[in-house]
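Here is a walk through a fold, taken one sheet at a time. Keep the viewer open and follow along.

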Amino acid sequence: MIIDTHTHLYDEDFREDFDSVVTRAKEAGVYKCIMPGIDSSSYGDMCEVEKRLAGFAYSAIGLHPTSVKGDWEEELDFVKREFAGRRFCAVGEIGLDGYWSREFMTEQKRVFYEQIVMAASADCPIIVHLREATEDLYEVLEQLRRDGIRPRGVFHAFSGSYETYERINKYGDFMVGIGGVVTYKKATVAGVVERLPLERMVLETDSPWLSPVPYRGKRNEPSYLKEIVAKIAQLKDCSIEKVEEITTNNALTLFNIQ
Ligand SMILES: [Zn+2]
């Protein structure tokens, strides 16, 4: 029994064979999924999937850093309004992305900060997307520290070093989301997995993106999580069952789902 803590099941890539994707996931032992939000344009589709798969798929709400553009204020208001209206298992995915563009980096930091404050006000975990913006991240974390806020959550698709993880974790309480990249040759995250206790890891596919080997380059889906489990077990030199049991417990606790 495993949990995919990061899948965009509501993405149009799954529309055609949605039921088979879900069936294959369940056959592979995936019994729950967390769906991170992106922005208001995909929100309706996400809630639709959550309703259809009640008890299996759970929505998170957040404004993704690559969706922080000229209309960021309206988008942030949308997130705050929805968050106030119902319970979500997490705020995400939120964060900083300097890879696609740095045009709105100032706004990205503001939006990230405000969403963390919002999550902390309800003791809700955050799902963090970080890509080529580590120094910007420290600025936000320093501001949070000054304001007395200690966030908790998960760094999804973490690509930094173990030392970076340790430095980040001083500012809060963070797990690392391990996905398909761990199966790639020369992946930095493989070194992180070797040193990080299983108690700090959750599993994720980030489907439909980032397929693990041997599906690399194809559409990813939650059932491929078992390739990631196998790779972690190999790196930790432990049984598959142990990886499954510990990461599932971590996810249930982190997202407060049962
Ligand atoms: Zn994602």
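Two strands count as paired here if DSSP finds at least two bridges between them. With that in hand, take β1 and β2 (residues 30–35): they pair in the parallel sense over three bridges. Keep in mind that this is a predicted model.

**The three-stranded sheet**

You can pick out the bridge partners yourself. I2 has V30 in β2 as its partner, and I3 is matched with K32, also in β2. The sheet these strands belong to is open, has three strands in the order β1-β2-β3, and pairs in parallel fashion. At its edges sit β1 (2–4) and β3 (57–59), each of which pairs on one side only. Ignoring direction, neighbouring strands in this sheet are turned by 20 degrees against each other on average.

How many of the six residues of β2 are buried? Five of them are, so β2 is largely enclosed by the rest of the structure. Helix α2 (residues 40–52) lies across β2 and β3, and runs at about 145 degrees to β3.

**The five-stranded sheet**

Now move along the chain to the other sheet. This one is open too, with five strands in the order β4-β5-β6-β7-β8 and parallel pairing. Its edge strands are β4 (91–97) and β8 (201–203), and each has a pairing partner on one side only. Here the average turn between neighbouring strands, direction ignored, is 30 degrees.

Zoom in on β4 and you'll find it joined to β5 (residues 126–131) in the parallel sense, over five bridges. V91 stands opposite I126 of β5. Helix α4 (residues 105–121) lies across both β4 and β5, and its direction makes an angle of about 155 degrees with β4.

Here are the two helices that lie across strands, side by side:

| Helix | Residues | Lies across | Angle |
|---|---|---|---|
| α2 | 40–52 | β2 and β3 | about 145 degrees to β3 |
| α4 | 105–121 | β4 and β5 | about 155 degrees to β4 |

**Two helices that cross**

Next, look at α8 (residues 225–236) and α9 (residues 240–255). At what angle do their axes cross? The answer is roughly 110 degrees, and the axes come within 8 Å of each other. Angles from 65 to 115 degrees count as roughly perpendicular, and α8 and α9 are therefore roughly perpendicular to each other.

To see who touches whom, light up V229, A230, I232, A233 and K236 on the α8 side, which meet I240, V243 and E244 on the α9 side. Sorted by class, this contact has six nonpolar residues, two charged ones and no polar ones.

**Zooming out**

Step back and the whole protein has nine helices and eight strands. Its radius of gyration is 17 Å, close to the 18 Å given by the globule rule for 258 residues, so the protein is as compact as a globular protein of that length. The C-alpha trace spans about 45 × 40 × 35 Å along its principal axes.

What percentage of the 258 residues is buried? Buried residues come to 44%. As for contacts with a separation of 6 or more, 74% are between residues 24 or more positions apart.

Notes
Residues are numbered from 1 along each chain as its sequence is written. This is a predicted model: local features need pLDDT of at least 70, side-chain atom pairs count only at pLDDT 80 or more; totals for chains, interfaces and linings use all residues. Axes are lines fitted to C-alpha atoms, for helices over the stretch in contact, and angles run from 0 to 180 degrees between N-to-C directions. Helices (H or I, at least four residues) and strands (E, at least two) are DSSP runs, numbered from the N terminus. Angles under 35 degrees count as roughly parallel, over 145 as roughly antiparallel, 65 to 115 as roughly perpendicular and the rest as oblique. Two residues are in contact if their C-beta atoms, placed from the backbone, lie within 7 Å. Ala, Val, Leu, Ile, Met, Phe, Trp, Tyr, Cys and Pro count as nonpolar, Asp, Glu, Lys and Arg as charged, and the others, Gly among them, as polar. The radius of gyration is taken over C-alpha atoms; the globule rule is 2.2 Å times the number of residues to the power 0.38. A residue is buried if 20 or more other C-beta atoms lie within 10 Å of its own, exposed if 12 or fewer, and partly exposed in between; C-beta atoms are placed from the backbone.
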